[in-house]
Amino acid sequence: MLRMTVNVSHDAPNGRRMRVCALSELAPGEARRLELDPPVAVFHTDDGDVYAIDDTCTHQDASLADGWLEGCEVECPLHASRFDLRTGRVDAPPAKKPVRTHEVTIDGGEVYITLSDAVPNLPPGVGAPTGGSAPSTAGLA
Ligand code: FES
């Protein structure tokens with residue numbers, strides 16, 4: 001899977017909805033890692049759907065944007081647990097907890113995400129975002 005890193009820009013006063021990129025810049029089968037805290041991965045499936053989930057596997061510190069996209073699932077690159085991009089659910093161990101999902105909107109050919117305010121299921125040893133349960137986007141344009 002081709003992986004690209006991108007910083008995001010906010011378009012709402014509360015900072016939770018943000019532009020990712022033009023849909024034309026995210027080809028089917030590709031993923032983008034957004035450098036948020038915690039990071040978010042945005043996937044464009046071969047069927048043309050776009051989904052956003054937390055990028056960090058819930059088992060250990062692995063980037064799901066580096067995983068293998070198949071249908072609406074991504075397989076973790078380290079130990080092959082598979083996460084459903086629609087629900088965040090994991091199919092089998094070693095990962096046991098789901099990843100958070102984030103709302104995706106396509107507006108005028110642009111991809112936007114609205115960050116979930118649920119608590120992320122980060123693996124042991126990976127720090128939770130500072131400042132409470134909401135992800136930090138401080139410092140992003
Ligand atoms: S790090 Fe993802 S399944 Fe182990």
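In what order do the elements of the protein run from the N terminus on? They run β-β-β-β-β-β-β-β-β-β-β, and the views below pick out parts of this predicted model.

**Figure 1. The whole chain is strands and loops, with zero helices and 11 strands.** Buried residues account for 32% of the 141 residues in the protein. Take the contacts between residues at least 6 apart in sequence: 45% of them join residues at least 24 apart. As for confidence, the mean pLDDT is 87, and 79% of the residues reach 70 or more.

**Figure 2. A close-up of the largest nonpolar core, with its 29 residues.** Ala-41, Val-42, Phe-43, Ile-53, Leu-64 and Ile-113 have the most contacts inside this core. The elements giving two or more residues to it are β3 (17-22), β4 (31-34), β5 (40-44), β6 (50-54) and β11 (110-114). Pick Ala-41 and look around: leaving aside its neighbours within four places in sequence, its contacts are Ala-31, Arg-33, Ala-52, Ile-53, Asp-55, Leu-64 and Ala-65.

**Figure 3. Strand β5, seen residue by residue.** Five of the five residues of β5 are buried, so this strand is largely enclosed by the rest of the structure. Side chains in a regular strand alternate between the two faces of the sheet. Here, Val-40, Val-42 and His-44 point one way from β5, while Ala-41 and Phe-43 point the other way. Whichever way they point, all of them are buried.

**Figure 4. β5 with its partners β4 and β6: β4 and β5 pair in the antiparallel sense, and so do β5 and β6.** Pairing between strands of a sheet goes through backbone hydrogen bonds, either parallel or antiparallel. Between β4 and β5 there are four bridges, with Arg-32 standing opposite Val-42 in β5. Between β5 and β6 there are five bridges, and Phe-43 stands opposite Tyr-51 in β6. The β4 to β5 connection is a hairpin through five residues. The hairpin of β5 and β6 also has five residues between its strands, and there Gly-48 takes a positive phi near 95°.

**Figure 5. Two cis peptide bonds, one ending at Pro-38 and one at Pro-94.** In the loop between β4 and β5, where Pro-38 is found, a cis peptide bond joins Asp-37 and Pro-38, with omega about 5°. The other cis bond joins two prolines, Pro-93 and Pro-94, and its omega is about 15°. Pro-94 sits in the loop between β9 (82-84) and β10 (101-107).

**Figure 6. Gly-127 and Asp-37 have C-alpha atoms separated by 9.3 Å.** Along the chain, these two are 90 residues apart. Gly-127 belongs to the segment after β11. Is Gly-127 buried or exposed? Gly-127 is exposed, because just 8 other C-beta atoms lie within 10 Å.

**Figure 7. The open sheet of three strands, in the order β7-β8-β9.** The pairing in this sheet is antiparallel. Its edge strands are β7 (68-70) and β9, each of which pairs on one side only. On average, and with direction ignored, neighbouring strands of this sheet are turned by 25° against each other. Zoom in on β8 and β9 and you find three bridges, with Glu-73 standing opposite Asp-84 in β9.

**Figure 8. Leu-78 and Ala-80 in the loop between β8 and β9.** Start with Leu-78, which is partly exposed, with 17 other C-beta atoms within 10 Å. Cys-57 is 21 residues away from Leu-78 in sequence and 9.1 Å away in space, C-alpha to C-alpha. Beyond the neighbours within four places in sequence, Leu-78 is in contact with Cys-57, Gln-60 and Ala-62. Then comes Ala-80, which has a positive phi of about 75° although it is not a glycine. Ala-80 is partly exposed too, with 13 other C-beta atoms within 10 Å.

**Figure 9. Residues 131-141, where pLDDT stays under 50.** The model has 18 contacts beyond four places in sequence for this stretch. Where pLDDT is low, the predicted coordinates should not be read in detail.

Terms used. Residues are numbered from 1 along each chain as its sequence is written. This is a predicted model: local features need pLDDT of at least 70, side-chain atom pairs count only at pLDDT 80 or more; totals for chains, interfaces and linings use all residues. A nonpolar core is a set of buried Ala, Val, Leu, Ile, Met, Phe, Trp, Tyr and Cys residues joined through C-beta atoms within 7 Å. A residue is buried if 20 or more other C-beta atoms lie within 10 Å of its own, exposed if 12 or fewer, and partly exposed in between; C-beta atoms are placed from the backbone. Two residues are in contact if their C-beta atoms, placed from the backbone, lie within 7 Å. Two strands pair if DSSP finds at least two bridges between them. pLDDT is the predictor's confidence in each residue, from 0 to 100. Axes are lines fitted to C-alpha atoms, for helices over the stretch in contact, and angles run from 0 to 180 degrees between N-to-C directions.
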